[in-house]
Each structure stands twice: as C-alpha cells, then as structure tokens.
Amino acid sequence: MKRMVCLAGLVAGWMVAGCGKPVEQAAPATPAAPRAAKATYTIGMSQCNLGEPWRVQMNADIKAAAEPHPELKVVFKDAQNDTLRQRAHVEEFVSAGVDLIIISPKEAQPLTEPVAKAYQSGIPVIVLDRAVLGDQYTCFIAADNRKIGKAAGEWIKQALGGKGKVVELKGLMTSTPGQDRHAGFLEGIAGSGIEVVFEADMKWLEPDARKEMESALARFDAIDLVYAHNDPGAHGAYLAAKAAGRDSSIRFVGIDALPQEGVAYVAQGILAASFQYPTGGQEAIATALQILKGEPVPKQIVLGSRLFTKASVAAGGEDLP
Ligand code: FRU
C-alpha cells in the first residue's frame, strides 16, 4: 500500500489508501494525547508468528515504512504462534517503556487484557490485522474480512453456476479474520444451491489444510471447489488433491494474494482466485507517526482489497467494489 492521507478528527470522515481508493473511517477519532517531542521513539512490534510469508511481508512493510524516519526505532518480537509468549512480549514492551506498541495478535480474547493494560498505562497501541475485544487500544487497522468473505462467496456462487459441493478450510476460529471470513462467506452463498460438504479449522497453516483436505477427499467423491481462508490453506488443499489425482476437477480459492504467493498461484493456474489481504504495515507506521506527533487518529482504518483471477491477474487484478 502506498501513501496514505489522513483526514483524522472527522467522525464520519474518509481515509485514502494505496491505489487512491477511498477507505471508510468507521469509528470516532481517538483524542490526541499531548506528547513531549523526543529525538527518538521506540516502537515495539509484536508479531504473532513469522512462519507464514504474509507475516514476513508485514514485518518487511513495517521496516520499509520506518526506514525513512531515523527518529523511529522498531523492535520486532516473534511470538512463534504462542499466545502466552505474545502476552509476555506485550508486557515486556510495557516494562521497557516503549513509546508505542504495534501488535498483530494471534487470538482475540487472550490478547485483549495485555493490550488494554498497555493502553491504560498511557502507551498508544495499534492493533493490526487481527482484532482484540473491546475498545482499549488506540487504532485498529485491517481490511474488511467480512466483506472479503462475502465477495469470495459471491464469486464462488457465480463460478459454480449457483450450485455445487464446497470444502471450507477455515483460519483459526479464535481469531477475528477466521470468524469474519466464514460469516461473510455464508452471507455470500446464502440462498444458493451451494452445499458445504466438509469444513475444518486449519488454523491458517498449510500442512493442516493439506491433512484436512486428505480427509475430505477420502470422504467425498464429489468436490467442486475449496474455499480456504488463506492462500497457504488453498495451496495445501491443492497439494492433497494433486497427490490424489483430483486437482484438475476441483477449483481452489484463497485469500492474501501476495505477489510471490497467491498471485503467482493464480498466474500458474493453481488457484482459481485469490482475494488480496493487505498487511497494513505501511499504514501502521504512518499512523504511529501521527500518534507520536500528538495528532488525532481514527479508531479504525479499513484497508481496501483486490481480486485476482485468471482473467484479471495479468492486468494486476481488480478492485473489490
Ligand atoms: C498469516 C495469516 C494470513 C491471513 C492472516 C489473517 O498468519 O494467516 O495468511 O490472511 O494471517 O490474520
């Protein structure tokens, strides 16, 4: 995502992100706390794991956005997909007295308390991609997962001509993107003849998706399409189908659309579609700079998304309306 212009302070204002696409600012702005100017600011970044390319990209986006600002020092911590470790990381940032925390939490409920405590101690907290519960944080930045799930459901409905047998491989259902991508999908296929014959929580992980798909293939002779909540999940399902000699009769749809991952899979014909889920790394740093300058920021920043299919991949995909 490219440069972002913030019209912060407007209760029903708008933000402009990336491709010039307007992005809605849903909630009232957080009042700016007066902050003493400092020569350098330390930002603690708590990443839930670095096992997936999308998260490596998020950290790279944060690093690249912070680099032109010598006054920013970003300290990265990797929780290695362990919620307790991530809680401890947030607490360590608070004890170290960092100036601001960015967190991409593994799960909503268990990370809510440490985030709220940090926020209440006066440290601004930007929550990125996966949400926490309540409103005890400074700003939440993510694309609209419910909208993406719904668009995926509608696209699948159309691709299958209104009926067919689908496998849904869900992201970790204790994380908000998993919940929202599922709810949105059901909304998208509502009233159609699409039947979800098999669903499983593959926890965002390719090996888990592959295993779950092996079970689905063993149980069902007829599977038309796999909807996976992320591209590693869709790819894992593809590998299972390929090993069973059934990849050419099943279509695979995923979410993330990293250029080197989902977009490449679409270009290679492995995935039928991938919906972009931007990392928000650049927006997190832009927002952090505003907060550190004492400027007001919106409570929520909603990022746009794009759809990549065989038909649109060469042209760089298409905007999700
Ligand atoms: C990476 C990831 C992405 C997904 C996002 C949702 O950990 O699983 O693939 O889009 O998290 O939070």
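Two domains share the job of surrounding the ligand in this predicted model. Domain 1 (17-143 + 278-303) and domain 2 (145-276) each give at least three residues to the shell around the ligand.

Who are these neighbours? The residues around the ligand are Asn-49, Glu-52, Trp-54, Arg-55, Asp-129, Arg-130, Pro-177, Arg-181, Trp-204, Asn-230, Asp-256 and Tyr-277. By chemical class, the shell holds six charged residues, four nonpolar ones and two polar ones.

Now for some contacts you can look up in the structure. In each row below, an oxygen atom of the ligand is paired with an N or O atom in the side chain of the residue named.

| Side chain | Distance to a ligand oxygen atom |
|---|---|
| Glu-52 | 2.9 Å |
| Arg-55 | 2.5 Å |
| Asn-230 | 3.0 Å |

How much of the ligand does the protein bury? Taken alone, the ligand exposes 310 Å², and 100% of that is buried by the protein. As for its location, the ligand sits in the largest cavity.

Which elements give two or more residues to the shell around the ligand? They are helix 1 (53-66) and helix 5 (176-189).

If you are browsing the model, a handy place to begin is Arg-55, whose side chain has an N or O atom 2.5 Å from an oxygen atom of the ligand.

Terms used:
Residues are numbered from 1 along each chain as its sequence is written. This is a predicted model: local features need pLDDT of at least 70, side-chain atom pairs count only at pLDDT 80 or more; totals for chains, interfaces and linings use all residues. Side-chain values use heavy atoms; hydrogens and water are left out. A residue is near a molecule or strand if one of its heavy atoms lies within 4 Å of it. A polar contact is a pair of N or O atoms within 3.5 Å; within protein, one must be able to donate a hydrogen and the other to accept it, and residues adjacent in sequence count only if both atoms are side-chain atoms. Accessible areas come from the Shrake-Rupley method with a 1.4 Å probe; for residues, only the protein chains shown count as cover. On a 1 Å grid over the protein atoms alone, a cavity is a set of points where a 1.4 Å probe fits but cannot get out, and a pocket is an open set with protein on both sides within 12 Å along at least five of seven lines; lining residues have an atom within 4 Å of a point. A molecule sits in a cavity or pocket if more than half of its atoms lie within 2 Å of its grid points. Helices (H or I, at least four residues) and strands (E, at least two) are DSSP runs, numbered from the N terminus. Ala, Val, Leu, Ile, Met, Phe, Trp, Tyr, Cys and Pro count as nonpolar, Asp, Glu, Lys and Arg as charged, and the others, Gly among them, as polar. Domain bounds come from an automatic or database domain assignment.
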